Each structure stands twice: as C-alpha cells, then as structure tokens.
Amino acid sequence: MYVIIAGGGKVGYYLGRELLGGDHEMLVIERSASRAAEINDLLEGTVQQGDACEASVLDGAGIARADLVAAVTGDDEDNLVVCEIARYRGVPRVLARVNNPTNAVLFQKRGIETTVSATEAILSQIEQELPVTSMVPVMQLHQGLELVEVRLSETSPVVGRTPREVLLPPESLIALIVDSGGVPRVPGADTTLTAGDALVVVTRAESKGMLQEALIGGAHGFDT
Amino acid sequence: MGCGRTGAAIAASLDRDGHSVTVLDLNSGQFRRLPDAFGGRMAVGNGMDAEVLERAGAREADAFVAVTQGDNRNYFASQLAREIFGVQNVVCRTKDPERGEIFGHLGLQTYSPTSAGAEAILAMLPGSGPA
C-alpha cells in the first residue's frame with residue numbers, strides 16, 4: 001500500500017515513523033524546507049519538501065497510485081484542500097486531522113468521512129470521568145464573587161421547584177437558566193427547574209460547597 | 001470575507017448599488033479601506049468559523065465572496081457558506097490556478113488573479129498568444 005502523509009509536524013513525523021517499519025510504501029510531504037530536511041534523515045529519506053495543497057506537488061509525489069492520503073497538518077483548511085485534491089485525483093481513501101472539532105461537520109458534508117480530532121478524543125475521555133451532575137467554574141468576578149455553571153440531573157433536589165423556592169447560600173443567585181435545548185431564560189416566578197437545565201449561578205468562593213449541596217445534593221457531588 | 005483592496009472595492013461597489021453588504025475581516029484596521037460613505041456592516045472575525053459566519057448573516061445571504069490572501073482559507077469558508085448555510089452564489093478567489101480549476105469542479109465559482117493577470121499582460125505584448 002502506498003501512503004502519502006501531508007504535513008511533517010509532530011503527528012506526521014510519528015505517523016511516518018510507525019509506517020516506516022511496516023510493509024507500506026510511505027512519503028511525507030512537508031512545506032517547510034528546514035523541517036523537511038530535519039525529519040528526512042530520521043525517516044530514511046522518505047520526506048519530500050513541498051506544499052501538498054498544490055496539485056502539481058501531489059502529482060509529482062505519485063498521487064495517482066496512492067492508496068491512502070492522510071492530511072495531518074495543524075491547519076484544518078489545508079487538510080481539507082489536500083483531501084479534496086486527493087479525492088479529485090481518485091485516491092480511494094483519504095483521512096484528515098481536524099484541529100477544531102466543530103470543523104468535522106464540513107469535512108463530513110464534503111464526503112470526507114474519516115476525521116480524527118485529538119481535542120475531541122481527549123474531551124470525551126474527560127467527560128466520561130465527570131459525574132453526571134457537576135459544578136463547573138465559569139469565571140472569577142470581582143470582590144470574591146464567582147460565576148459557576150451547574151447542570152441539573154434527575155436526582156437534583158431542586159428539580160420541579162421554582163428558583164424562588166430554592167434556598168441558596170448568602171449572596172448567591174441563579175442568574176440564567178439554559179434548558180437542554182439550548183434556550184436561555186432569565187429565572188422568573190413561574191420558571192420550573194428541570195433535569196438537563198444548566199444554571200449559571202453567581203456565588204462566593206467560600207459558599208461553593210453549600211451551593212453544590214443545595215443544587216446537586218449531598219451525595220451526588222464530585223465523589224460519585 | 002477579507003477586506004483587502006479587492007474585498008473593499010467589491011463591498012463598496014455593491015453597497016453603492018443598494019445591496020445589503022457585510023464585510024468580514026480578522027483585523028478591524030482593514031476597514032479603513034472602505035469609503036466614508038460605506039453603509040454596510042463591518043464584522044471582525046474569522047470567516048472559517050461557522051458561528052462567525054452565522055452572526056455575519058450567512059444564513060440569509062444570497063452571495064458569498066472569499067477574497068483573503070489564503071487560497072485554502074477562501075476555499076474552506078466558501079464551502080462552509082455553501083454546504084452549511086446554503087448560500088447559492090459563492091465566489092472563491094484562488095491565486096493558484098491549478099487549485100482554482102479543481103475548486104471549480106467541486107462546486108465553487110473561482111477566480112484566479114494570477115491567470116487573469118498573465119493573460120492581460122500577454123495581451124499587451126505584441127505577437128504573443130494566450131498562455
């Protein structure tokens with residue numbers, strides 16, 4: 001199998017090094033002349049200096065017979081263009097590194113199904129570690145006040161109540177409610193707190209423990 | 001998208017003709033290129049960000065023009081406009097003529113200042129044919 005790697009940064013270099021030992025024919029294309037020279041020695045002369053976004057560079061690298069092109073530069077727009085040109089030249093498999101996870105949608109719309117995002121992968125690992133209900137610091141305000149976000153789960157003691165019925169620590173207040181559909185509301189007398197709501201709360205640093213107990217409940221905090 | 005000389009000239013002209021225009025650039029200093037009489041909107045932001053495009057009104061736009069210095073940035077933003085926001089008329093400036101030709105096959109209208117410039121100059125030289 002002939003694999004072309006566009007981008008000789010850290011990802012491209014280590015990818016190339018892994019492939020070097022196997023049965024594949026492999027070529028790394030790196031735009032920067034100094035970086036290309038640096039990794040060319042380490043990758044046993046499999047690095048070509050050039051801009052993989054230029055069709056003539058890809059043609060020179062033998063894209064017509066490539067089985068797979070991996071676009072792994074640090075710029076999503078460059079990765080998209082490399083994949084588009086590769087597919088236009090008939091490469092059967094293309095895959096892209098996506099640095100900004102929200103950009104994956106565009107790659108999919110363009111028919112580039114295989115995208116890899118380190119940010120997304122790490123984020124999903126982190127989210128699995130978090131309890132369903134948690135309190136996330138949003139920002140520090142002045143004079144010891146803080147803004148935190150609390151997402152209500154079904155076990156929260158305040159679900160089904162109005163904000164006014166909730167006993168909060170001193171100098172704490174629910175500033176904003178964003179429902180599970182993403183619609184923001186200012187809490188009013190007729191607002192009912194619902195599981196899935198995200199509450200943006202102003203509180204004091206020293207009151208965060210009490211706040212957590214009030215909104216999340218004693219047994220459902222960070223320890224679950 | 002891109003308020004350089006070309007972007008500013010296009011925006012000013014469309015505005016003069018009575019169209020509703022939003023100019024997007026990363027650098028607010030670039031808006032100095034617009035005439036004092038410019039009546040359109042100026043938005044600071046990265047056109048490769050779907051949220052920025054949406055705030056700039058991409059969903060309601062009839063046309064989108066990408067004229068930054070980067071061919072790939074122009075391509076990325078143009079496809080966002082077309083694929084995500086359904087803009088009908090999308091023009092992507094592409095300096096690299098080879099790339100421009102491929103982009104043209106991928107659903108965009110492209111314009112290459114490089115090819116157009118070369119052709120214009122050749123036309124001024126007696127005895128030379130088109131490139």
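A residue is called buried here if 20 or more other C-beta atoms lie within 10 Å of its own, exposed if 12 or fewer do, and partly exposed in between, with C-beta atoms placed from the backbone. By this criterion, 35% of the 131 residues of chain B count as buried, and 32% of the 224 residues of chain A do.

The structure is a predicted model, in which local features need pLDDT of at least 70, side-chain atom pairs count only at pLDDT 80 or more, and totals for chains, interfaces and linings use all residues. Residues are numbered from 1 along each chain as its sequence is written, while chains are lettered from A and ligands numbered from 1 in the order in which they are written.

## Confidence

The predictor assigns the complex an ipTM of 0.87 and a pTM of 0.71. Confidence in each residue is expressed as pLDDT, on a scale from 0 to 100. Chain B has a mean pLDDT of 94, with 97% of its residues at 70 or more; for chain A the mean is 88, and 93% of the residues reach 70 or more. Within chain B, the element with the lowest mean pLDDT (93) is helix 5 (residues 113–124), and the one with the highest (98) is strand 3 (residues 63–66). Over residues 219–224 of chain A, pLDDT stays under 50. Two residues are in contact if their C-beta atoms, placed from the backbone, lie within 7 Å; for residues 219–224 of chain A, the model has 7 contacts beyond four places in sequence.

## Overall form of the chains

Helices (H or I, at least four residues) and strands (E, at least two) are DSSP runs, numbered from the N terminus. Chain A contains 7 helices and 11 strands. Its radius of gyration, taken over C-alpha atoms, is compared with a globule rule of 2.2 Å times the number of residues to the power 0.38. Chain A, at 25 Å, is well over the 17 Å that this rule gives for 224 residues, so it is more spread out than a compact globule. The C-alpha trace of chain A spans about 70 × 30 × 30 Å along its principal axes. Of the contacts in chain A between residues at least 6 apart in sequence, 55% join residues at least 24 apart.

Chain B has 5 helices and 5 strands, arranged from the N terminus as α-β-β-α-β-α-β-α-β-α. Its radius of gyration is 16 Å, which agrees with a value near 14 Å for a compact globule of 131 residues. Along its principal axes, the C-alpha trace of chain B spans about 50 × 35 × 25 Å. In chain B, residues 24 or more positions apart account for 39% of the contacts with a separation of 6 or more.

## Helix 1 of chain B and its surroundings

The expected span of a helix is 1.5 Å times one less than its number of residues. For the 12 residues of helix 1 (residues 5–16) of chain B this gives 16 Å, which agrees with the 16 Å between its end C-alpha atoms. The buried residues of this helix are Gly7(B), Ala8(B) and Ala11(B). They cover an arc of only 95° around the axis, which puts them on the same side of helix 1 of chain B; the arc is that of the directions from the helix axis to the C-beta atoms. These buried residues pack against strand 1 (22–25) of chain B, whereas Arg5(B) and Ser13(B), on the other side of the helix, are exposed. Just after helix 1 of chain B, Gly18(B) takes a positive phi of about 95°.

Arg33(B) lies in the loop between strand 1 and strand 2 (41–44) of chain B. Leaving aside residues up to four places away in sequence, Arg33(B) touches Cys3(B), Arg5(B) and Ala8(B). Arg33(B) and Cys3(B) are 30 residues apart in sequence and 7.4 Å apart in space, C-alpha to C-alpha. Arg33(B) counts as partly exposed, with 18 C-beta neighbours inside 10 Å.

## Positive phi in chain A

Most residues other than glycine have a negative phi. The table lists two residues of chain A with a positive phi.

| Residue | Phi | Loop in chain A | C-beta neighbours inside 10 Å |
|---|---|---|---|
| Glu44(A) | about 55° | helix 2 (33–42) to strand 3 (47–49) | 11, exposed |
| Glu171(A) | about 55° | strand 8 (145–151) to strand 9 (173–178) | 13, partly exposed |

## Interface

In the complex, 17 residues of chain A are in contact with 16 residues of chain B. On the side of chain A that touches chain B, the elements giving two or more residues are helix 3 (55–60), helix 4 (76–88) and helix 5 (104–109) of chain A. Helix 4 of chain A gives the most, with 8 residues. By class, this side of chain A has 8 nonpolar, 2 polar and 7 charged residues; Ala, Val, Leu, Ile, Met, Phe, Trp, Tyr, Cys and Pro count as nonpolar, Asp, Glu, Lys and Arg as charged, and the others, Gly among them, as polar.

Definitions and conventions. pLDDT is the predictor's confidence in each residue, from 0 to 100.
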